[in-house]
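The exercises below are meant to be worked through with the sequence and the three-dimensional view side by side. Try each task before reading its solution.

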Amino acid sequence: MSSHSPLYSVCPLTMPDTTFEADLELVRASGASGIGIAEGKLRDGEDRAQLAALKASGLRVAGGIPANLAPLPLRPPVMYPGPDDPAVRIGLLRESVERLAAFGPDCIVVTTGSSEGYSKDEAWSIAADGIRDVARVAADLGTRLAVEVVRGDLGFDASFVRTLTEASEFIELVGEPSVGLCYDVYHVWDSPDLLQQTEQLAAQTFLVQVSDWPDPPRSLADRRIPGEGIIDLPAIFGALQRGGYDGWYELEIFSDDGRWGDDFPDSLWKLPPAELLDRSQQAFDLLWAKRAQ
């Protein structure tokens, strides 16, 4: 097994109140080599200047987060609201991918959206056709799409792809080489046969999102710094590496400070962002060193 240092990035959604430029400074100072790009932090008419700031930072771009990330609506629309019409949504997703691609992300994260109001066959067909169409645009622009598994037991229906098995089936249905898996440990850590499936799907994995799970979570936005919850992250890292994954590990933390309805006194979003990133980087490094060989 390779002993090289992993590619470590920070998703800007981890720092909800900072600017794009502040994120660049914070992430670079933390020692990470990569950063995610959230379309919500891009300012209209300033893409060229923000791209220049990115290039000056020396950071590479891991995952892209579109403002419009699913062919079907999310229920409830607490995040990524938008129209209900799939045709309109797919057009918006295509526009998001075209905008984000200019920043050179290794991949762009998408979900299917909710199947509410559709039969299973209808929902799978609409989402697969839409993602297939957008994936071809992404490939032409030099990037690819990573379909995220999103668990459905926290009151937020962002995807009908809720298991690694379903993700594999959906990716096969899409049938494009530029479509793979966004493996968010928060959403899959308690899956049956987790390590076996993780190793098997490592070759299809384009991005790994990292945080930890409190026991129990108090809301859909109650993540922990890696190592401060109950997920066996070293075992997951080992399975990914055994399966051949050598891509980005991207910190992504949601920790409600009241903006989504739960003002947790210990919200990580209340910390100075530099402290949150430093603690997370140090914790990740320790967990990586303990990964199962």
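**Exercise 1.** In this predicted model, find how many positive and how many negative side chains the protein has, and how far apart the centres of the two sets lie.

*Solution.* Begin with the counts, which come to 25 positive and 46 negative side chains. Then take the centre of each set, and the two centres turn out to lie 3 Å apart.

**Exercise 2.** Describe the overall build of the protein, and explain why it can be called as compact as a globular protein of that length.

*Solution.* As a starting point, the protein has nine helices and eight strands. Its radius of gyration is 18 Å, close to the 19 Å that the globule rule gives for 293 residues, and therefore the protein is as compact as a globular protein of that length. Next, the C-alpha trace spans about 45 × 45 × 40 Å along the principal axes. Finally, consider the contacts between residues with a separation of 6 or more: 76% of them join residues that are 24 or more positions apart.

**Exercise 3.** Decide whether S255 is buried or exposed, and work out what its side chain reaches.

*Solution.* First locate S255, which is found in the loop between β8 (248-251) and α9 (273-289). The relative accessible area of S255 is 1%, and because buried means under 20%, this residue counts as buried. The side chain of S255 reaches the backbone nitrogen of L268 at 2.7 Å. Once neighbours within four places in sequence are left aside, the contacts of S255 are A221, R223, S267, L268 and W269.

**Exercise 4.** Place Q209 in the fold, and find the separation between its C-alpha atom and that of Y8.

*Solution.* Q209 belongs to strand β7, which covers residues 205-210, and with 1% relative accessibility it counts as buried. Although Q209 and Y8 are 201 residues apart along the chain, their C-alpha atoms are separated by 10.0 Å. With neighbours within four places in sequence set aside, the residues in contact with Q209 include I65, V109, E148, C182 and E250.

**Exercise 5.** Determine which side chain makes a polar contact with the side chain of R151.

*Solution.* Start from the position of R151, in the loop between β5 (145-148) and α5 (164-174). R151 has 8% relative accessibility and so counts as buried. The partner sought is D190, whose side chain makes a polar contact with that of R151 at 2.8 Å. Not counting residues up to four places away in sequence, R151 also touches others, among them F156, Y186, H187 and W213.

Conventions
Residues numbered from 1 in each chain as written. Predicted model: local features only at pLDDT ≥ 70, side-chain atom pairs only at ≥ 80, totals over all residues. Heavy atoms only, no water. Helix = DSSP H or I, 4+ residues; strand = E, 2+ residues; numbered from the N terminus. Rg over C-alpha atoms; globule rule 2.2 N^0.38 Å. Contact = heavy atoms within 4.5 Å. Lys, Arg positive; Asp, Glu negative; His and termini not counted. Charge placed at Lys NZ, Arg CZ, Asp CG, Glu CD. Buried < 20%, exposed > 50% of the residue type's maximum accessible area, 1.4 Å probe, protein only. Polar contact = N/O pair within 3.5 Å; in protein donor to acceptor, adjacent residues only side chain to side chain.
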